[in-house]
Amino acid sequence: MKSDRLLSILLLLQTHGQMPASELAARLEVSVRTIFRDVEALSAAGVPVYAERGSKGGIALLPGYRTDVTGLTADEARALFVLVTEQAHTDLGLGQAIGSALRKVMAALPAPFRGDADLASRRIMIDPVRWRSSPRSSAVDLGVLQAAVFNDRRLRLRYRHGRDAQVRSYTLDPYGLVSKAGAWYLVADHRGQPMMFRSDRMLSASVVDEPVRRRDGVELADVWEVLRQNIDRIPAPVRVVVRVRRSVLARFLRYHEAELADAAPALVEAETGAEEPVELELRFPALRSAEQLLAFGPAVEVLEPAELREVLTRRAQETLSLYTEGRST
C-alpha cells in the first residue's frame, strides 16, 4: 500500500540519513521512478524531504527533522524488542509483518534508545514451546478462527475432547485466540459458559453468519484468567513413565494419547529388528487413574513411579489369586 511505503521511506531516511533512490527502491521492491513519485507525495504533505542528483547524491530529510515515538522510556523501548520466536506470528500469517513493524518502530525511536533496544533484540529471546513438544497439525485453518474473532461472528465447531476422545459439536461465541506453550487455543462461550478449545483437536470449523453473543463488559483476558485459574486448581498430575511394546503401540495411543506429556511418536510397523519397546512419559490426574495401564498386561511396563509399580503388582497378584485359589460354588 502506498501509505505504508511512504512511512517506510520516511523512517528509512530518518534512520540512515541520505540514501540513493536505487537503494530505497531495492529495499521496498519498487522502481526508482516510483520512489521519486513517493518523494514528491511526501513533500506535498509537508515533509521536508529533498533529492540531490549526481554520483554522491540521494534522497534525504532536512537536518533536525524526525518523527519521534514520544513518551517511551529506555526500559519501555527495550521491552518492545525482547524477541518472541516468530512461530506464533507465522501461524497467524503475520510472520513478515512483525519484522516490518519492529523495523519501523526501531527507526522511529529516539536515538539514545536505539542501542539498548537493538541489544535487547539480539540478547534476549522467549521461546514459549516446551522441549520435545510439537503440537499435532490441525484440520482447521487458523484463518477461519481469526475470521470469526475479528468479524464478531459466531463459530460452529466439531471437536474431539482429549480426556474421553468423544467428538462433539458446538456453536460458540468466540472472544479470541491464545497461544499457550506452543499450542493455539480458541477461547469462547458456549451457552454463556467459558470454554477453551485446542486447535489441534478441532475437526472442522465454520463461521456462522450471526453476530457474536459475548457477555457484556467481558474481554478475552478476563475469560482466559478464569479458565487458567480453573486449570491451576486441578491437583498436580502424576508423572508416569512406561515402556510399551511396538506391537501394541497403536492400540496404546488410541487409549492414552491424551495423557502423553510430549508429541506422539511415529508409528513403525512391527518387523524383525524393529521390536524394541518405546519409552513414553504420561500424565494422569491421580495414581488411581493410572491403574488402567494394567489392562495391557506384560506389553506395557511401568518404570516410574515406584508407588505405581507396587500398586500394579498388588493388583496383578490379587487377580492371579482369584483364578488360582479354589472357590466354593
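**A cis proline, a three-stranded sheet and its helices**

Pro 305 sits in the loop that connects E12 with H12. In this predicted model, the peptide bond leading from Glu 304 into Pro 305 is cis, its omega being near 0°. This loop makes a convenient starting point, since the elements on its two sides lead straight into the sheet described next.

The sheet is open and consists of three strands in the order E11-E10-E12, with antiparallel pairing. Its edges are formed by strand E11 (278-284) and strand E12 (300-304), each of which pairs on one side only. On average, and with direction ignored, neighbouring strands of the sheet are turned by 35° against each other. Four bridges join strand E10 (residues 238-244) to E12 in the antiparallel sense, and Val 244 is found opposite Val 300 of E12. Helix H12 (residues 306-324) also packs on the sheet, where it touches E10 and E12; the direction of H12 makes about 140° with that of E12.

A further helix, H10 (residues 249-256), lies across E10, E11 and E12 and runs at about 15° to E11. Which residues of H10 are buried? They are Leu 249, Phe 252, Leu 253 and His 256. Viewed down the axis of H10, these buried residues fall within an arc of 95°, so they line one face of the helix. In general, an α-helix has 3.6 residues a turn, so residues three or four places apart point the same way. The buried residues of H10 pack against E10, E11 and E12, whereas Arg 254 and Tyr 255, on the other side of H10, are exposed.

Phe 252 deserves a second look. Leaving aside residues up to four places away in sequence, Phe 252 touches Val 242, Val 244, Glu 257, Leu 280, Leu 282, Leu 293, Phe 296 and Val 300. Phe 252 also belongs to the largest nonpolar core, which has 23 residues; together with Val 240, Val 242, Leu 280 and Leu 293, Phe 252 touches the most other members. Two or more residues of this core come from each of E10, H10, E11, helix H11 (287-290), E12 and H12. The sheet strands E11, E10 and E12 thus meet the helices H10, H11 and H12 among the contributors to the core.

Aromatic pairs were searched for over the whole structure, and five were found. One aromatic cluster is formed by Tyr 159, Tyr 170 and Phe 197.

Two residues with an unusual backbone setting complete the picture. Where do the non-glycine residues Glu 29 and Arg 191 lie? Glu 29, which is not a glycine, nevertheless has a positive phi of about 60°; its place is the loop between helix H2 (21-28) and helix H3 (32-44). With a relative accessibility of 72%, Glu 29 counts as exposed. Arg 191, likewise not a glycine, has a positive phi of about 55° and lies in the loop between strand E7 (183-190) and strand E8 (193-198). Arg 191 counts as exposed too, at 77% relative accessibility.

Technical notes
Residues are numbered from 1 along each chain as its sequence is written. This is a predicted model: local features need pLDDT of at least 70, side-chain atom pairs count only at pLDDT 80 or more; totals for chains, interfaces and linings use all residues. Side-chain values use heavy atoms; hydrogens and water are left out. Rings of Phe, Tyr and Trp (its six-membered ring) pair if their centres lie within 6.5 Å; planes under 30 degrees apart count as stacked, over 60 as edge-to-face and the rest as tilted. Two strands pair if DSSP finds at least two bridges between them. Axes are lines fitted to C-alpha atoms, for helices over the stretch in contact, and angles run from 0 to 180 degrees between N-to-C directions. Contact means heavy atoms within 4.5 Å. Buried means under 20% relative accessible area, exposed over 50%, partly exposed in between (1.4 Å probe, protein chains only). The arc is that of the directions from the helix axis to the C-beta atoms. A nonpolar core is a set of buried Ala, Val, Leu, Ile, Met, Phe, Trp, Tyr and Cys residues joined through side-chain atoms within 4.5 Å.
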